[in-house]
Amino acid sequence: MYTPNNSAINDPATLAYVMTEISFGALITPTPDGIEISHLPWIVREEGGKVILESHVARPNPHWKLAGTGSVVMFQGPQAYVSPSFYPSKQVDGKVVPTWAYIVVHAHGTFESFNGTEELHAHLGDLTHRHEAGRAEPWAMSDAPVPYLAALKRGIIGLRFTVDRLEGKWKVNQHKSSADRQGTYEGLMASGEQGVDLAQALASFPAAQD
């Protein structure tokens with residue numbers, strides 16, 4: 001991934017945290033016939049010093065049969081349009097143009113499939129808890145009839161992705177002058193939820209040297 005202007009983020013803990021927060025990523029696997037892509041929810045965990053991503057696909061989805069092939073899981077985080085009107089420098093010489101701010105993480109590695117009843121039950125339990133835990137009345141797998149869940153589990157295949165390399169890119173105008181960085185921050189803060197996340201990411205970078 002092209003990462004100019006000090007936009008690369010390489011800290012594994014930061015990247016694991018962001019993947020956990022985004023939760024949804026595209027599994028991308030090259031094949032002799034083209035590129036297979038599946039958009040999936042993921043659980044992120046650490047096992048034996050390795051970052052492990054876990055998800056599942058419908059059994060008819062052929063992607064699981066590509067287990068062992070080098071692949072990438074791409075997590076796209078908050079993104080937003082950045083208007084030239086955010087920059088004070090626009091009033092000086094007009095030499096500004098629109099751009100796009102975004103956060104992405106790419107996880108490189110390989111995956112294996114699993115379909116054991118206990119493994120699938122544990123995976124689905126973890127995935128459900130991850131997204132239900134904050135609700136006033138969280139749904140649990142025990143709320144559904146056992147035979148019903150058993151039938152559904154027969155229709156899916158688990159995927160366990162072992163990460164060999166992580167790369168992240170925070171493109172949030174961190175290379176701009178202090179004045180234009182502040183303008184970017186204020187403009188993004190006013191542009192909505194995703195803009196706020198990007199503004200906070202910009203604030204985490206050291207100030208540019210004017």
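This briefing covers the fold, the nonpolar cores, one helix pair and several individual residues of the structure above. The model is predicted. The protein contains 5 helices and 8 strands, and buried residues account for 40% of its 210 residues. Its C-alpha trace spans about 70 × 45 × 30 Å along the principal axes.

**Overall fold**

- From start to end of the sequence, the secondary structure elements follow the order β-α-β-β-β-β-β-β-α-α-β-α-α.
- Among contacts in the protein with a separation of 6 or more, 75% are between residues 24 or more positions apart.

**Nonpolar cores**

- The largest nonpolar core consists of 35 residues, and Leu53, Phe161 and Trp170 have the most contacts inside it.
- At least two residues of this core come from each of helix 1 (12-22), strand 5 (50-58), strand 6 (71-82), strand 7 (99-114), strand 8 (156-171) and helix 5 (193-203).
- Strand 8 gives the largest share, with 6 residues.
- Leaving out residues up to four places away in sequence, Leu53 touches Met19, Trp42, Ile43, Val44, Val73, Phe75, Ala107, Leu159, Arg160, Phe161 and Val163.
- A second core, separate from the largest one, has 7 residues, among them Phe114, Met141, Leu149 and Ile156.

**Packing of helix 4 against helix 5**

- The axes of helix 4 and helix 5 are 7 Å apart, and the two helices pack at an angle of about 155 degrees.
- Angles over 145 degrees count as roughly antiparallel, so helix 4 is roughly antiparallel to helix 5.
- The crossing of helix 4 and helix 5 is left-handed.
- On the helix 4 side, the residues in contact are Arg181, Thr184, Tyr185, Leu188 and Met189.
- On the helix 5 side, they are Gly195, Val196, Leu198, Ala199, Gln200, Leu202 and Ala203.

**Thr184, in helix 4**

- Thr184 belongs to helix 4, which runs over residues 178-189.
- Thr184 counts as buried because its relative accessibility is 0%, where the cut-off for buried is under 20%.
- The Thr184 side chain reaches the backbone oxygen of Asp180 at 2.7 Å.
- Beyond its neighbours within four places in sequence, Thr184 is in contact with Phe86, Tyr87, Val172, Asn173 and Leu202.
- Of these partners, Leu202 is also listed among the helix 5 residues that meet helix 4.

**Gln79, in strand 6**

- Gln79 is located in strand 6.
- With a relative accessible area of 25%, Gln79 is partly exposed.
- The side chains of Gln79 and Trp100 are joined by a polar contact of 2.7 Å.
- Gln79 touches Trp100, Ala101, Tyr102, Gln194 and Leu198, when residues up to four places away in sequence are not counted.
- Gln79 and Gln194 are 115 residues apart in sequence, while their C-alpha atoms are 6.2 Å apart in space.

**Ser85, in a loop**

- Ser85 sits in the loop between strand 6 and strand 7.
- Ser85 counts as exposed because its relative accessibility is 52%, and the cut-off for exposed is over 50%.
- A polar contact of 2.7 Å links the side chain of Ser85 to the side chain of Ser83.
- Ser85 and Asp180 are 95 residues apart along the chain, and their C-alpha atoms are separated by 9.9 Å.

**Positive phi in residues other than glycine**

- Most residues other than glycine have a negative phi.
- Ser23 has a phi near 70 degrees, a positive value, and is not a glycine.
- Ser23 lies in the loop between helix 1 and strand 2 (24-31), and at 5% relative accessibility Ser23 counts as buried.
- Asn173 also has a positive phi, of about 65 degrees, although it is not a glycine.
- Asn173 lies in the loop between strand 8 and helix 4, and is buried with a relative accessible area of 6%.
- Asn173 is also one of the residues in contact with Thr184.

Technical notes
Residues numbered from 1 in each chain as written. Predicted model: local features only at pLDDT ≥ 70, side-chain atom pairs only at ≥ 80, totals over all residues. Heavy atoms only, no water. Core = buried A, V, L, I, M, F, W, Y, C linked by side-chain atoms within 4.5 Å. Buried < 20%, exposed > 50% of the residue type's maximum accessible area, 1.4 Å probe, protein only. Helix = DSSP H or I, 4+ residues; strand = E, 2+ residues; numbered from the N terminus. Contact = heavy atoms within 4.5 Å. Polar contact = N/O pair within 3.5 Å; in protein donor to acceptor, adjacent residues only side chain to side chain. Axes fitted to C-alpha atoms, helices over the stretch in contact; angles between N-to-C directions. Parallel < 35°, antiparallel > 145°, perpendicular 65-115°, else oblique. Left-handed = near helix turned anticlockwise from the far one by under 90°.
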